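Please look through this chain with me, beginning with how far the model can be trusted and moving on to its sheets and single residues.

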Amino acid sequence: MPSLGADMEAGRLVEWLVKPGDHVARGDIVAVVETQKGAIEIEIFQEGTVHALSAPLGTDLAVGAPLAIVLAEGEAPPAEASAAPAAAPAPAPVPASAPASAPASVAASVAVAGPAGAPPPSAAATPEPAPAVLPPTTGGLRPDGAVVASPAARVRARDLGVELAGLNGTGPGGLIVLADVEAQPPGRTAPPPPKPRTPMEEMRHAIAAAMTRSKQTIPHFYLSETIDVQPSIEFLERRNADRPPAERILLVALLAVATARAAAQVKTLNGRFAEGGFEPSAEVNTGIAVALRGGGLVAPCLHDAVGLTLDQTMAGIRDLVTRARAGRLRSSEMKEGTITLSSLGETGAEAMTGVIFPPQVALVGVGAPHLRPWLHDGVVVPRHVVTLTVSADHRVSDGREVAKFIAAFETLLQTPETL
């Protein structure tokens with residue numbers, strides 16, 4: 001089970017797309033896993049033949065749990081240890097005082113002889129079975145945490161709403177019996193079971209956990225700049241003039257290209273912070289923050305974004321948004337981002353200050369373009385401007401590096417014909 005985000009602890013396997021005997025290559029989609037952020041398609045990163053599917057459908061698996069066995073060419077399947085037959089329990093030792101030919105019932109009665117000085121049981125009598133001796137308990141709990149209670153006590157506790165954990169049992173070995181339950185005061189009731197979360201509540205919970213950890217563990221600092229994007233607006237108007245709506249390029253594509261190329265120039269903002277420290281990335285995988293219908297947010301990435309043209313970037317963003325809202329993103333898109341762009345779109349708030357997606361070290365937040373009085377060529381004229389805010393990890397970079405990024409970003413947006 002791959003980790004699909006810093007906040008992920010487990011996932012549910014909901015679909016297999018391969019079967020034993022299938023040949024798989026790097027990048028093939030082999031399974032679908034459901035997480036708090038939706039259904040994610042799992043890619044494989046090795047070539048080989050599927051030997052076995054280790055995990056059944058519907059299973060909740062922790063990150064790192066095995067899903068399947070894939071054999072490389074010429075690789076032998078792993079040795080499967082055969083289950084050894086269970087050994088029969090050794091008979092209880094018979095004391096020397098018991099005759100060798102004594103019946104089993106007599107031998108058993110000798111093995112459970114009473115206190116010293118008590119007369120031995122008659123060989124002709126059927127012995128009383130030894131009472132089951134339970135492990136010592138504290139507050140109705142065994143050392144392994146299990147509640148020790150009789151079936152009648154469990155049923156009565158359920159009827160009365162009494163919580164068994166914490167009761168002191170008066171039965172053998174601390175067993176909670178019916179009388180222990182009925183002796184409880186009326187107010188001692190079990191807390192109501194937690195209300196199951198809806199999928200949206202699960203997503204909000206996951207986002208809250210990741211962002212809380214980010215703010216608590218990453219020393220954020222922020223630099224902002226208002227940028228004249230009138231050249232970009234006019235460039236898009238010219239480029240989109242003869243295109244149908246489905247093929248038009250939106251401002252977000254220019255922002256994504258500018259983010260990728262500026263990050264390639266300022267390498268301290270592009271990469272991941274792992275346990276051993278900062279790991280710069282050789283390629284820029286730009287995460288695109290996508291707002292989901294009904295609420296929630298994901299940030300799948302465009303791989304190797306520096307090498308994409310403007311049209312390819314726009315097509316990639318449209319594809320990510322469509323699949324994100326349909327719940328069909330891929331595992332590599334969710335975990336391989338190196339810097340994230342969060343744009344408020346064509347309309348909306350003027351500025352935003354974002355929280356870094358761990359383990360990344362920077363987030364680029366861009367407000368919606370607004371028409372403002374602007375000094376251009378010595379004259380105050382109306383121009384479209386955006387407010388850029390970079391959230392950065394102070395363990396890796398400082399204001400000088402972020403200022404370089406902002407300068408490169410601004411130059412690219414004011415010369416859109418170079419994108």
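The questions and answers below go from the whole chain to its strands and then to particular residues.

Q: What kind of model is this, and how are its residues numbered?
A: This is a predicted model, in which local features need pLDDT of at least 70, side-chain atom pairs count only at pLDDT 80 or more, and totals for chains, interfaces and linings use all residues. Side-chain values use heavy atoms, with hydrogens and water left out, and residues are numbered from 1 along each chain as its sequence is written.

Q: What is the average pLDDT of the chain?
A: The pLDDT is the predictor's confidence in each residue, on a scale from 0 to 100. Over residues 81-139 it stays under 50, and for that stretch the model has 26 contacts beyond four places in sequence, a contact being heavy atoms within 4.5 Å. In the chain, 81% of the residues score at least 70, and the average is 82.

Q: How many helices and strands does the chain hold?
A: Both are DSSP runs numbered from the N terminus, a helix being H or I over at least four residues and a strand being E over at least two. Counted in this way, the secondary structure comes to nine helices and 19 strands.

Q: What percentage of the residues is buried?
A: A residue is called buried under 20% relative accessible area, exposed over 50% and partly exposed in between, with a 1.4 Å probe and protein chains only. Of the 419 residues in the chain, the buried share is 39%.

Q: What share of the contacts with a separation of 6 or more joins residues 24 or more positions apart?
A: The count takes the contacts in the chain whose separation is 6 or more. Within that set, residues 24 or more positions apart account for 61%.

Q: In the open sheet of five strands, which residue is the bridge partner of Glu-41?
A: The five strands follow the order 6-1-3-4-15 with mixed pairing, where two strands pair if DSSP finds at least two bridges between them. The edge strands, each pairing on one side only, are strand 6 (60-62) and strand 15 (329-330). Strand 4 (residues 38-43) runs parallel to strand 15 and is joined to that strand by two bridges. The partner of Glu-41 in strand 15 is Arg-330.

Q: In the open sheet of three strands, which residue of strand 7 is the bridge partner of Val-50?
A: This sheet has the order 2-5-7 and antiparallel pairing, and its edges are strand 2 (23-24) and strand 7 (68-71). Strand 2 and strand 5 pair over two bridges, with His-23 standing opposite Thr-49 in strand 5. Strand 5 (residues 48-53) pairs with strand 7 over four bridges, and Leu-53 has Ala-68 as its partner in strand 7. For Val-50, the partner in strand 7 is Val-70.

Q: Over which ring does the charged end of Arg-395 sit?
A: A charge counts as sitting over a ring if NZ of Lys or CZ of Arg is within 6 Å of the ring centre and within 35 degrees of the ring normal. The charged end of Arg-395 is 3.7 Å from the centre of the ring in question, which belongs to Phe-273.

Q: Is Ser-397 buried or exposed?
A: Ser-397 has its place in the loop between strand 19 (379-393) and helix 9 (399-414). Leaving aside residues up to four places away in sequence, Ser-397 touches Phe-221, Thr-268, Leu-269, Ala-392 and Val-402. Because its relative accessible area is 4%, Ser-397 is buried.

Q: How far apart are Ala-210 and Val-355 in space?
A: Ala-210 lies in helix 4 (residues 199-217) and counts as buried because its relative accessibility is 6%. Ala-210 and Val-355 are 145 residues apart in sequence, whereas their C-alpha to C-alpha distance is 9.8 Å.

Q: Which residue does a cis peptide bond join to Pro-358?
A: The bond has an omega of about 10 degrees. Its second residue lies in the loop between strand 16 (339-343) and strand 17 (362-366), and that residue is Pro-359.

Q: Is Asp-377 buried or exposed?
A: Asp-377 lies in the loop between strand 18 (370-376) and strand 19, and its phi is near 55 degrees, a positive value in a residue other than glycine. Because its relative accessible area is 69%, Asp-377 is exposed.
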